[in-house]
Amino acid sequence: MKQTKRIPMPVRYGINLVLTLALWGVLAAMIASGVITNYWNGVLITIGINVILAVSLNIATGYLGQLPLGHAGFMAVGAYAGGIFMKATPLGALLKAGETGAAVPWIILALLIAGLTAGVFGLIIGIPALRLKGDYLAIITLGFGEIIRVVLTNVDSVLGFKFTYGAAGLKQIPKITSFNLVFLCVALTILIIHMVMKSKHGRAILSIRENQIAAESVGINTTYYKVAAFVLSAVFAGVAGCLYAGYLGSLVPSSFKFMKSIEILVMVVLGGMGSMLGSVIAASVLTVISELLRSVGDYRMVFYALLLVLMMIFRPKGLMGTYDFSMSRLLEKLINRGKAKPVPSAAEGEEAQRDE
Amino acid sequence: MNEKKTFQRGRLVPLPTNAFIPERDLEKTPILEASHLGIDFGGLTAVDDFNLTIGRTEIAGLIGPNGAGKTTVFNLLTKVYQPTRGMVMIDGYDTAGMNTVQVNKLGVARTFQNIRLFNALSVEDNVKLGMHNAIKYNMAAGVLRLPVYWKQERIAHERALELLSIFDMQDLADVPAGSLPYGAQRRLEIVRALATNPSLLLLDEPAAGMNPSETYELMENIVKIRDTFHIAVMLIEHDMSLVMGICEGICVLNFGKVIAKGTAEDIQSNPVVIEAYLGKKKEG
Ligand SMILES: Nc1ncnc2c1ncn2[C@@H]1O[C@H](COP(=O)(O)OP(=O)(O)O)[C@@H](O)[C@H]1O
Ligand SMILES: [Mg+2]
């Protein structure tokens, strides 16, 4: 029997909570003291939004093993749902009057509505798309993303109510998005996704990626879990959309082009499919780089392409592979240093050919 | 080598339907009754008019040359393919229109000829996935880490180790399944199937790639599994020492058709079988 020591669960959660609070404290202090300028504060907010987009897309690509190409569509749904809702509430007046406390319930409600609306769209798209085998999901989600954008561009009122304002864009959205709110949302998103993935439901999602026929043979309802993962992915994209709307204060449909979906996908692929840490790092780094490349505009896509090609050559599994960092695991390794575990020899017949 | 005991095999007795099952299972509903089962792939008839009844605690064998349609029979029983013709009753229930998941919930679990493990996941998680439907908490309870989550996961953890210990694999619980040696992967597939708490365990070439002593150990374990879990086992195997050693009823398939059925003794002395199969493929 192994003699390795394990860090008990409550302590693990404690360690992660302390680390998260420490990171927040450092960043908040740097912002308060002006070390992080207004400009870089904005970049931090964009990083946070992109991190949520990347880790949410990672559920569908990395964990579930599908290839959706319309993540920006769900972001758009969340952004518009949240934006329209916020405009209809007293949020703007409350924020102007500096009554932040009274604004909090509205902010929470806006984020929930944005997430849920995107989730409903995820359900509507996911149910037919995920029942089909092969590459249909990529094609259907790609179509969905474009349709959303085209609809938002061409429709400015629904049933006589001026809603989306078409190509001119939705303006005067209450600016709810601060560094603190984004940080909280990022932390909660990562926490929730982590909790789901380390439960029976997360295991079921991973089993589909690993081998769908085997998953079904042990009684796992793969359609249900595919749709569940896809909806979860859409919900968080919607939340990110709402934060985006509340950051810019105005929305135009052209922000949610196909290229935005690809940008998020590049973050996930570069970070390593199935690695939440990888998504976080890649989203952060790419956001900063694209900020620096702002002057060259859409030519930065060339840079992304180059980065992808280099990655495929040198690290085909992405920056982190499927590895997920865990502070507790690192500590355990230090505690158990010297007590090597026996490692079994590698499989003789690597990948069995699939012919059944 | 250690002395090898011979395994006790039950006496086969006829049912009114002309099928044979072990005498001890007579009082109970057969776990499997397949009648006139068949499937066509385009113009090719892979399996035709397949009839088989398996008793509640029987160890049954399905043999035949390569390409005879054995794996296809498993795929029909587990609804990986929907049959073109015929009927499958599991535990007395007609499975018409059911899918793989529903058939598993009725009590059919299987392994695969080409191993299908969840390679990147740990050995323990592979087994826990077999227990997926027995682990009871919803997504909200999981995310909020309510007490029911901890309790259910602890029970699952202990049960997984217990099942792994059948094959003495409990120390490998944290290893990724894909990094196990070939033989251990086959054993893990059996454990994962058992974790679904089946009444009928289908094993597709469980001894493939194993040496004689591993194969003998596997035979002992299959009998042990049947005796501890009181389940039926149906296995496809090319290793005749295994099939003749533990299988009670044996069914021989050739070109998608059943050419013989009976006990090991019946099969070994059947001239049709010898010509179609044993004559050509006799091996040690
Ligand atoms: N999905 C499929 N499509 C077409 N032909 C198939 C399919 N599955 C099996 N077959 C054919 O059915 C026959 C039986 O195959 P199989 O059941 O795998 O044989 P075995 O007895 O060796 O397990 C073979 O001729 C095979 O090519
Ligand atoms: Mg086969």
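**Entry 1: the domain interface in chain B**

I started with salt bridges between domain 1 and domain 2 of chain B, and the rule finds 1 across that interface. The model is a predicted one. The partners are B:Glu214 and B:Arg187, whose side chains meet at 3.7 Å, N to O. I then looked for polar contacts across the interface of these two domains. Again the count is short: 1 residue pair, with both residues at pLDDT 80 or more.

Which elements supply at least two residues each to the side of domain 1 that touches domain 2 of chain B? I found β9 (200–204) and α7 (212–229) of chain B. The largest share comes from α7(B), with 6 residues. By class, I noted 10 nonpolar, 2 polar and 5 charged residues on that side of domain 1 of chain B.

Next I checked the bounds. The assignment for chain B places 1–107 + 198–284 in domain 1 and 117–195 in domain 2. Their centres, taken over C-alpha atoms, are separated by 27 Å. Domain 1 of chain B puts 17 residues into the contact, and domain 2 of chain B puts in 12 residues. I read a buried area of about 1,200 Å² between the two domains of chain B. Carbon and sulfur atoms carry 70% of that area.

**Entry 2: chain A against chain B**

I moved on to the interface between the chains. How many residues does each chain bring to the contact? Chain A gives 42 residues and chain B gives 50 residues. Together chain A and chain B bury about 3,900 Å². Of this, 58% lies on carbon and sulfur atoms.

I looked for salt bridges here too. The rule finds 1 between chain A and chain B. It joins the side chains of A:Arg203 and B:Glu153 at 3.1 Å, N to O. Polar contacts between chain A and chain B come to 18 residue pairs, both residues at pLDDT 80 or more.

I listed the elements with two or more residues on the side of chain A that touches chain B. They are α1 (9–32), α7 (179–197), α8 (200–210), α9 (212–217) and α10 (222–248) of chain A. α8(A) gives the most, with 8 residues. I sorted the residues on this side of chain A by class: 19 are nonpolar, 10 polar and 13 charged.

**Entry 3: helix α3 of chain B**

I asked why helix α3 (residues 123–130) of chain B is largely enclosed by the rest of the structure. The reason is burial: 7 of its 8 residues are buried, so the rest of the structure largely encloses the helix. The buried residues of α3(B) are B:Val123, B:Glu124, B:Asn126, B:Val127, B:Lys128, B:Leu129 and B:Gly130.

What do these buried residues pack against? In chain B, I found α5 (147–164) and α6 (182–195). From chain A, α8 also packs against the buried residues of α3(B).

**Entry 4: B:Thr196**

I picked B:Thr196, which sits in the loop between α6 and β9 of chain B. Is B:Thr196 buried or exposed? Its relative accessibility is 14%, under the 20% cut-off, so B:Thr196 counts as buried. The side chain of B:Thr196 reaches the backbone oxygen of B:Ala193 at 2.7 Å.

I set aside residues up to four places away in sequence and listed what B:Thr196 touches. In chain B, the partners are B:Asn104, B:Ala109 and B:Gly130. From chain A, A:Val218 also touches B:Thr196. I had already met B:Gly130 as one of the buried residues of α3(B).

**Entry 5: chain A and A:Ala229**

I closed with chain A. I counted 14 helices and 2 strands in chain A. Of its 356 residues, 47% are buried. For contacts in chain A with a separation of 6 or more, residues 24 or more positions apart account for 79%.

I then picked A:Ala229, in helix α10 of chain A. A:Ala229 is buried, with a relative accessible area of 0%. Beyond its neighbours within four places in sequence, A:Ala229 is in contact with A:Ile59, A:Leu64 and A:Ile205. I also looked up its separation from A:Ala168, 61 residues apart along the chain. The C-alpha atoms of A:Ala229 and A:Ala168 are 34 Å apart.

Key. Residues numbered from 1 in each chain as written. Chains lettered and ligands numbered in written order. Heavy atoms only, no water. Contact = heavy atoms within 4.5 Å. Buried area = accessible area lost by both parts, 1.4 Å probe. Salt bridge = Lys/Arg side-chain N within 4 Å of Asp/Glu carboxyl O. Polar contact = N/O pair within 3.5 Å; in protein donor to acceptor, adjacent residues only side chain to side chain. Helix = DSSP H or I, 4+ residues; strand = E, 2+ residues; numbered from the N terminus. Nonpolar A, V, L, I, M, F, W, Y, C, P; charged D, E, K, R; others polar. Domains from an automatic or database assignment. Buried < 20%, exposed > 50% of the residue type's maximum accessible area, 1.4 Å probe, protein only.
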